[in-house]
Amino acid sequence: MAANPRGKAETLARRRRLLSSSCRLFFPEDPIKIVRGQGQYVYDEQGTEYIDCINNVAHVGHCHPLVVQAAHEQNQVLNTNSRYLHDNIVDYAQRLSETLPEKLCVFYFLNSGSEANDLALRLARQYTGHWDVVVLDHAYHGHLSSLIDISPYKFRNLDGQKEWVHVAPLPDTYRGPYREDHPSPAEAYASELKRVVSSAREQGRKIAAFFAESLPSVGGQVIPPAGFFPEVAEYIRRAGGVFVADEIQVGFGRVGKHFWAFQLQGKDFVPDIVTMGKSIGNGHPVACVATTQAVARAFEATGVEYFNTFGGNPVSCAVGLAVLDVLEKEQLQAHAAHVGSFLMELLGQQKAKHPIIGDIRLKDNYVLLSTDGPGRNVLKFKPPMCFSLDNAQQVVGKLDAILTGELEAQGTTDHIPRVQYGARS
C-alpha cells in the first residue's frame, strides 16, 4: 500500500476518467473506498470498519493468513502454466474429488466462473452432439458472449433470446405460481420445464444441456423445492442433454448442511457437470469444472487439446488447497449451519415485526449488504464464512432499527413493497 494513498475524491475522479461507466460500483451515490480487509470486515481509507455481508468471494475471510501464506510461499518457488508436471494441480484435483460424488472424477482448471461455465457448455455440446440449452428464468451464468446468451438476466436487456435458448419458470415457492402450500411444487415446476423441453423438441430442436445455479442467486436467492432437480435431470437426459450444476456462488460448504448446494436435492442426485469459482480461491482467480469420465472422453475424442495458460498453475492450486484446509480446520461448514440457523431465526422475528418494508440503506450503519431478485427486493446475505453469531445479532439489530425508523417516518405501511428474506450464511 502507498505511504500516502490518494483521497477518495481523487481516486473516484480518476476512475471516472479511465474506466467505463458500465463498470459500476457498489453504492454509486456515495462509493466506499476500501483499502483493507480482514476476516468478515473491510476498512475504508479513514479506517472505518464495515461488516461485509456481500463478499462471498472471500470465502474463508478476507486476507486469511494461511491462504496468503500459501500463495506467497509458492510464488517464491515457481509459478508457471499447467503443461509442466507438478504436484499441486494433482493434489488439488484429488482433494476436490473427495468432496464430490464418485461419478464426478475428471477436473479442468480455469481462472473464473465465466470460463468454467463456458467450458461446461462446450463439454455438453461435444458429448451430446446437440446445441440447445434450457435455463431458468432470471438466470445469470457469466459475462462471456456464450453465457450472456444463456442468461435471461442479461440477454433481455441486450439482443434478446436466441432460438437455441429455452427458458423455464424459476422454481420460486415464495413468489412463483406454485408456492409452499402447493401439494407438490417440485413436480409442478418440473412439469413446466418438461413442457418447455417438449415444445423445443416439437420444433426440431435438440437439447445439449440444462444449466442451473443450485440455489438461483440473481433470481432472488431462491431455494428450489426438494426433488425438483432429479425430475428435471430425468427430462433433460431423456431429451439427450446433460445437467450442469452451477455452484460458483453457492458451493464449498456455504449451505451448511452439505458441501455442495446440489446435495440439498437428495443424496442420489448427481449432476453430469459441476462448475465452481469465486469462493474456491478466496479472492484469487481460480475456477474448476468437474465432470464424468464419459463427458471428458467425448471431449478428448475431438483430438483438440484443452489448454488454459493460467488455469491450474501452481500458485492457484496452492491457494485452492489452502482454502480447503481452512474450511476443514476451522469447521466452517458446521459454523455456517450454526450461524445461518441463528440468522434465519432472527430474520424470522423481523419478518413478523416488519411484514412490509421499504428501501434500505445499511451502508450508513457500517454494514455492506446488497439486494437481488427480479424486483431487486431480496436482501442478499453472502458474507465470508467466518461471519459470527455476534455479527448476525449486530446486523439484524441495525436492520430492525432502520425498518422501525422507516415505518415511523412514513407513518403508514401502504404501498411499500414486500421484501423476501433470502439469507445465506
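A residue is called buried when its relative accessible area is under 20%. By that cut-off, D132, V133, V134, V135 and L136 in strand β5 are all buried. The model is predicted. The chain has 425 residues, of which 53% are buried, and its secondary structure comprises 12 helices and 14 strands.

**Overall shape and packing**

- The radius of gyration of the chain is 22 Å, and a compact globule with 425 residues would have a value near 22 Å, so the two agree.
- The C-alpha trace spans about 60 × 60 × 45 Å along its principal axes.
- Among contacts in the chain with a separation of 6 or more, 75% are between residues 24 or more positions apart.
- About 19900 Å² of the chain is exposed, and carbon and sulfur atoms supply 50% of that area.

**Strand β5 and its neighbours**

- Strand β5 covers residues 132-136 and is mostly covered, with 5 of its 5 residues buried.
- The side chains fall into two sets: D132, V134 and L136 point one way from β5, while V133 and V135 point the other way.
- β5 pairs with strand β7 (residues 207-213) in the parallel sense, over 4 bridges.
- Within that pairing, D132 stands opposite I207 of β7.
- β5 also runs parallel to strand β6 (residues 165-168), to which 4 bridges join it.
- On the β6 side, L136 has A168 as its bridge partner.

**The sheet β1-β2-β3-β11**

- Four strands form an open sheet in the order β1-β2-β3-β11, and the pairing is mixed.
- β1 (34-38) and β11 (367-368) are the edge strands; each has a single partner strand, so one side of each is left without a neighbour in the sheet.
- Strands β2 (residues 41-44) and β3 (residues 49-52) run antiparallel and are joined by 3 bridges.
- Y43 has E49 in β3 as its bridge partner.
- V35 is located in strand β1, and its relative accessible area of 30% makes V35 partly exposed.
- The C-alpha atoms of V35 and G47 are 8.6 Å apart in space, with the two positions 12 residues apart in sequence numbering.

**Q74 in helix α2**

- Helix α2 spans residues 65-77 and includes Q74.
- Is Q74 buried or exposed? Q74 counts as buried because its relative accessibility is 12%, which is under the 20% cut-off.
- The side chains of Q74 and N88 make a polar contact at 3.3 Å.
- Leaving aside residues up to four places away in sequence, Q74 touches H86, N88, P314, V315 and A318.

**P374 in the loop between β12 and β13**

- P374 sits in the loop that connects β12 (370-372) with β13 (378-381).
- P374 is exposed, at a relative accessible area of 56%, which is over the 50% cut-off for that class.
- With residues up to four places away in sequence excluded, P374 touches H138, V218 and G219.
- P374 and R297 are 77 residues apart along the chain, and their C-alpha atoms are separated by 39 Å.

**Cysteines**

- How many disulfides does the structure hold? The structure holds 0 disulfides.
- C63 is in no disulfide, and its nearest cysteine sulfur belongs to C386, 11 Å away; a disulfide would need the two sulfur atoms within 2.5 Å.
- C63 is partly exposed, with a relative accessible area of 46%.
- C105 is likewise in no disulfide; the nearest cysteine sulfur is that of C288, at 12 Å.
- C105 is partly exposed, with a relative accessible area of 34%.

Note on methods: Residues are numbered from 1 along each chain as its sequence is written. This is a predicted model: local features need pLDDT of at least 70, side-chain atom pairs count only at pLDDT 80 or more; totals for chains, interfaces and linings use all residues. Side-chain values use heavy atoms; hydrogens and water are left out. Buried means under 20% relative accessible area, exposed over 50%, partly exposed in between (1.4 Å probe, protein chains only). Two strands pair if DSSP finds at least two bridges between them. The radius of gyration is taken over C-alpha atoms; the globule rule is 2.2 Å times the number of residues to the power 0.38. Contact means heavy atoms within 4.5 Å. Accessible areas come from the Shrake-Rupley method with a 1.4 Å probe; for residues, only the protein chains shown count as cover. A polar contact is a pair of N or O atoms within 3.5 Å; within protein, one must be able to donate a hydrogen and the other to accept it, and residues adjacent in sequence count only if both atoms are side-chain atoms.
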